[in-house]
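Colleague: Got a minute to walk me through this one? I'd like to get my bearings before I go back to the bench.

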Amino acid sequence: MVKKLFPVLAFLPLVIGTTGYIISGEMFSNALYAALALYFIGPVSNVYNLYIEIARWSAPLVTATAIICALQSAWQSIRNRIHLLGKKDSVSVYSDDNNGIRFDKDVSAIYPGDKFKNYAREHIIMFSDDKKNLQFYEEHKSDLSKKKVYIGIKDIEGGFLNLVGDITVFDVNSSIARILWKEISLWNKGKDNFDLVIWGGNTLSGVIISTGLQFNLFSRNQKIRYHVIADNSIFHIRHDGLKLMNDDELLYYGRDDSAIWDVIDKADIVIVSDIPDSETLQTIVVKAGESEIYYYSPHKGDIVSYFSYGNIRPFGREEVVFTDENIRRCGLIHKAIALNDYYANLYGTEKNWNALSGFLKASNISAADFGEVLCDLNSKVSEAEQAELEHIRWCRFMFLNYYTWGIPENGKNRDDVKRIHKDLIAFDELSSDEKAKDLETIKITRNLLV
């Protein structure tokens, strides 16, 4: 705050001093010169009043502060250069939020705030606001053109972004959601029917829903009811008419709906992704009873850490999410790239990962994500059933990205302008060739993850 106000505060002695000299009878130009001199060489006039006395003491303080800040900045720059000198893996992290990214010992990292440092080999842009991240990238785009860049996002879906170049988008909410569903691991619980409650109407809640719909596919006989408790009409708009392609259900409730407490009482798992007030949270915990409650808790020491009642498990902790493995060395991205390479060689599509649209990157990432589920299912479910589950996942991904069924006029399978695809139908209705592709997909995806 002080740094932001310093330019304004620095002018106060000049204004006060000039006012004092004018009151004492000096001409404006002489008064301005005399006040300015107070910053550097002391008084050049013998006149005196309270205004001049205040300016006489405050002006040198401003000058001294400016010199100290300049020296600190220069010293910090020197330290950063020395810290990164000759290091094979050096990273500059730009952030206004001390999220404390965890790096391995062999990685040298600096945190210059919003001051661009070109001498780092790789750059992570991780401000608290998506707009600021993209603006920072745009301001330094030419300097970053030959660097590897990682840009954090929270409110924008990665599939909507079109960033060309050696740029990796780190979707914070998607990372939180992936880690959460892998921890819950419905496909390893030994049953087909679940009632899940997602309490929250924020962006994270929406991502948890969409990610769960693509992760939680493990049986032809499954029936998962997603009970979403949120006062967010956008959820209804975005998911209106969403086809889940099996017996799963997506149900919405307002927070003033009395039925929500019966739903929580009968739920197998409750996910609290939008932090409610303490009284509501306690009621959720009591109503959930012995059911598992996953509570969004980015920092240790929040109120829920001290609850002695309820089966509460925190998720989204910054030390788990903000790691070098998640942001730069994400094995999932590497698997998605390998998956894209395979299909590019097979169908002659774009092979260069950096040239893909955000939508196509997201498509490959979703498939690679589900591959981890397929590996767990391989000894439990036949390949034919796995292929059907993969088709449902793909349909859900397309529906969640606003595609609908339709037959393109160009004779192809899809029309990306109209966002239609002719294979958004039940697995049993697919041609034998398309079924064979799904079967091939699950084999390739599993192999990439072995």
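Modeller: Sure, and keep in mind that this is a predicted model. Let's start in the sheet: Val 149 has Ile 167 in β5 as its bridge partner.

Colleague: And what stands opposite Val 149 in β4 on the β3 side?

Modeller: That's His 123. Strand β3 covers residues 122–125 and runs parallel to β4, with 4 bridges joining them.

Colleague: How many bridges are there between β4 and β5?

Modeller: There are 5, and that pairing is in the parallel sense too.

Colleague: OK, zoom out. What's the strand order in that open sheet?

Modeller: It goes β2-β1-β3-β4-β5, so 5 strands with parallel pairing. The edges are β2 (108–110) and β5 (167–171); each has a single partner strand, so one side of each is left without a neighbour in the sheet. On average, neighbouring strands are turned by 20° against each other, ignoring direction.

Colleague: What about the β2 end, how is β2 held to β1?

Modeller: β1, residues 90–94, pairs with β2 in the parallel sense over 3 bridges. Val 91 stands opposite Ala 109 of β2 there.

Colleague: Back to β4. How many of its residues are buried?

Modeller: 5 of the 6, so β4 is largely enclosed by the rest of the structure.

Colleague: Which helix lies across β4 and β5?

Modeller: Helix α6, residues 172–184. The angle between α6 and β5 is about 60°.

Colleague: I've got my eye on Tyr 150. Buried or exposed?

Modeller: Buried: the relative accessible area of Tyr 150 is 3%, and the cut-off for buried is under 20%. Tyr 150 is found in β4.

Colleague: What does Tyr 150 touch, leaving out residues up to four places away in sequence?

Modeller: Tyr 150 touches Glu 122, His 123, Ile 124 and Ile 125, along with Thr 168, Ile 327 and Arg 328. Glu 122 through Ile 125 fall within the range of β3, and Thr 168 falls within that of β5.

Colleague: And how far is Tyr 150 from Lys 266 in space?

Modeller: They're 42 Å apart, C-alpha to C-alpha, with their positions 116 residues apart in sequence.

Colleague: Switching topic: helices. How do α14 and α15 pack?

Modeller: α14 is residues 358–377 and α15 is residues 383–400; they pack at about 150°, with axes 11 Å apart. That makes α14 roughly antiparallel to α15. The crossing of α14 past α15 is right-handed.

Colleague: Which residues meet there?

Modeller: From α14 you've got, among them, Phe 359, Ala 362, Phe 370 and Leu 377. On the α15 side, residues including Leu 389, Arg 393, Phe 397 and Met 398 meet α14.

Colleague: Which other helix packs on α15?

Modeller: One is α7, residues 203–215, at an angle of about 155° and with axes 8 Å apart. That makes α7 roughly antiparallel to α15. Ser 210, Leu 213 and Gln 214 in α7 meet Arg 393, Arg 396, Phe 397 and Leu 400 in α15. Arg 393 and Phe 397 also appear in the contacts with α14.

Colleague: There's a histidine in α15 as well, His 391. Buried or exposed?

Modeller: His 391 is buried, with a relative accessible area of 2%. Leaving aside neighbours within four places in sequence, His 391 is in contact with Asp 423, Ile 425, Ala 426, Phe 427, Leu 430 and Asp 438.

Colleague: And Ile 420, where does that sit?

Modeller: Ile 420 lies in strand β14, residues 420–421. Ile 420 is buried too, with a relative accessible area of 13%. Beyond four places in sequence, the contacts of Ile 420 include Tyr 403, Trp 405, Pro 408 and Arg 414. From Met 398, Ile 420 is 22 residues away in sequence and 9.1 Å away in space, C-alpha to C-alpha.

Colleague: Last thing, cysteines. How many disulfides does the structure hold?

Modeller: It holds 0. Cys 375 is partly exposed, at 30% relative accessible area, whereas Cys 395 is buried at 0%.

How values were computed. Residues numbered from 1 in each chain as written. Predicted model: local features only at pLDDT ≥ 70, side-chain atom pairs only at ≥ 80, totals over all residues. Heavy atoms only, no water. Pairing = 2+ DSSP bridges. Helix = DSSP H or I, 4+ residues; strand = E, 2+ residues; numbered from the N terminus. Axes fitted to C-alpha atoms, helices over the stretch in contact; angles between N-to-C directions. Contact = heavy atoms within 4.5 Å. Disulfide = S-S within 2.5 Å. Buried < 20%, exposed > 50% of the residue type's maximum accessible area, 1.4 Å probe, protein only. Parallel < 35°, antiparallel > 145°, perpendicular 65-115°, else oblique. Left-handed = near helix turned anticlockwise from the far one by under 90°.
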